[in-house]
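Please open the structure in your viewer and keep the sequence beside it. The tour below proposes what to select at each step.

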Amino acid sequence: MRLEDDIISVKGVGEKTAKDFNRLGISTIKDLVFYYPRSYKTYSEPVPVSSVAEGDRVAVFCKVITYVESHKGRRYNITSLSAADDSGSIRMVWFNMPFLRNVFKKGDSYIFYGIVKIKGSMRVMEMPEYFTQFKYQSALKTMQPIYPLKSGITNNAITRAVTSVKDLIVRIPEYLPENEIENRGLMTRGEALMQIHFPGDEDKLKNALRRIAFDEFLEFLIRIRSLREATVTEQNFHKVTEEALVKKNGFISGLGFELTNGQKEAIRDIETDMSSEHVMNRLVQGDVGSGKTVVAVTALLMNAISGHQGALMVPTEVLAVQHYDDISRMLKPYKITVRLLTGSMTPKEKRTVYQELKEGICDIVIGTHAIIQEATEFSDLGLVVTDEQHRFGVKQRDKLTSKGHIPHVLIMSATPIPRTLAIILYADMDISVIKDMPAERKRIKNCVVGTEYRPSAYSFIKQQVRDGHQAYVICPMVEENEITEAENVINYSDELKKELGSSIRVEYLHGKMKENEKTDILRRFVDRQIDVLVSTTVIEVGINNPNATLMMIENAERFGLAQLHQLRGRVGRGDAQSYCIFINVKKSKESVERLQVLENSNDGFYIASEDLKLRGPGDFFGIRQSGDMDFKIADIYNYADMLKLAQDVSLEYGKQFEGKIIL
Ligand code: ADP
Ligand code: MG
């Protein structure tokens, strides 16, 4: 057996199982070995029944105190029994497992392991695992990998298959010299991969994960290095002209506000880059609301006046339309043709834009992924800008740059990556950071409250609307299997209309609406034809309506801090005082603590670091999943030390390990 062999050559994998594996993206043995568990299940010492609370995942050591009942329910066959320890009793329930009737005997003791639900005054465990005391002792010592699954395949099937290829895993080649492994205190690759699938204990697993994170970073850094070498030497074919620099000054003085120092510096950097001998590759980092758009527009303007085309790519249609509206307005005084290009436009509309791009009639195109489709050709693409970059990957960016002859690249990002790490991760780019917020900005006032505060929140909305402002209400998320998200938003806005009275115009927005319906609602909201917008989190990315001063977030405890920070970033974008009301429905100690972080700070970097402390490993801002840093294990917050180590190694060894790191 070799890593490249088809999955079907694994012992015990037949044609059907092979197909199931294929659906998980596993077609070779290599794919299987690098298919990592999503998490690990660890069993814990049993606790007294009286101490359990809703949602706890626990083990209890109980005696069966009733006969086992089994009957046909409406949808399932239900098997149940009552069990108790000295402190209290708990009901065990299983679905469609009638054979269990013959497993348990009244009077016998077992360890039950599962998630607790409280139904009325009764404690219940649904589908608990059960063990004899003896068996549980050995289970206690192991960590069971839990693999990401799709229907058709079980966790056991994956475990069995991985077990069959153990010999191969152990022999995965090590590319680092022995002394490096030793001096840097790293686990070997073979051992690390073994530990990932068959963890010995928590410490070993931790070391294994660190090793894999190191490999992922190193591979990434080697790739980045190649990109860097390719770009720094690239000639600048799209220099800005004198005329462009003059017009740019006029544009900035006509903005109606003074740029912040951060914005001025970013623009100066861009200007220098675009006038230099080499092509620009720049990342502009700035928290939500720091005013990145105007920086991007200035670059697009200079590029257009210099006679070249520019493209601005954003992750959602709604954001594309909004940027299009804003930028067209800002550039109106200039002879610049700005066009929109999105997936939901009609084929005819798209064809017109394609034509104009090809003939060089269109100077700036703003859109979604539609811009990088086959059909788009530019006459002379000089500048490529991507906004909210953490949603795009290097590949998509490359696809866009390949539409021109070495265009300048500008990336706008609100992802709060500490500078020391950003320098490493974006080694192929120069970085400008906008540290300051526009001066007249008042700090958003936050409050975290319970549901009893709702009536006051509603009267506060009324007051804000009376004062000529607008409000967002972010709807609670729906529980699985309940009503759909759309129904939920519609119901909530109906209720809200009743609460607020007919003089206040309430509309709703949710993800299932057609793109043109969404953009229509948003345009009307920005035009102030709507007072209160009830929405799901679809408004999270980049939407800008400076007249909106109030945001009320229902079920705030269910969101991640990072997402709440992004949501809140929709207000506080104008001169007026803004407010954010977080409704904490559940009020657990943990959610109160988490939300307090937001109540006390409006700083993305601070929130990112606190979020980590409270939540532990997480996919903050979706960095781990983001296209750019597509790591399976590594993330820059939890493995910052591995990133630095990988940086050291890559500096020392250059590209020596290129192509040798199997991931
Ligand atoms: P983000 O960095 O989140 O993309 P935007 O570029 O959308 O932020 O800017 C948010 C709002 O702030 C916009 O309404 C914009 O016109 C305004 N703005 C940007 N820069 C300044 C400034 N220097 N002074 C005042 N308002 C500004
Ligand atoms: Mg933005």
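**A tour of ligand 1 and its pocket**

Begin with Ser290: one of its backbone N or O atoms lies 3.4 Å from an oxygen atom of ligand 1, a polar contact being a pair of N or O atoms within 3.5 Å. The model is predicted, so that local features need pLDDT of at least 70 and side-chain atom pairs count only at pLDDT 80 or more, whereas totals for chains, interfaces and linings use all residues. Residues are numbered from 1 along each chain as written, chains are lettered from A and ligands numbered from 1 in the order written, and side-chain values use heavy atoms, without hydrogens and water.

Select Gly289 next; a backbone N or O atom of Gly289 lies 2.7 Å from an oxygen atom of ligand 1. At Thr293, a polar side-chain atom lies 2.7 Å from an oxygen atom of the ligand. The protein covers 88% of the 570 Å² of accessible area that ligand 1 has on its own (Shrake-Rupley method, 1.4 Å probe).

Now display the 18 residues that surround ligand 1, each with a heavy atom within 4 Å of it. The closest include Lys292 and Arg441. By class, this shell has five nonpolar, seven polar and six charged residues, with Gly counted as polar.

Where does ligand 1 sit? It sits in the largest pocket, as more than half of its atoms lie within 2 Å of the grid points. A pocket is an open set of points on a 1 Å grid over the protein atoms alone, with protein on both sides within 12 Å along at least five of seven lines; lining residues have an atom within 4 Å of a point.

Finally, select α12 (317–330), a helix as a DSSP run (H or I, at least four residues). α12 supplies eight residues, the largest share of the lining of the largest pocket.

Terms used
Polar contact = N/O pair within 3.5 Å; in protein donor to acceptor, adjacent residues only side chain to side chain. 1 Å grid on protein atoms, 1.4 Å probe; cavity = no way out; pocket = protein on both sides within 12 Å on 5 of 7 lines; lining within 4 Å. Helix = DSSP H or I, 4+ residues; strand = E, 2+ residues; numbered from the N terminus.
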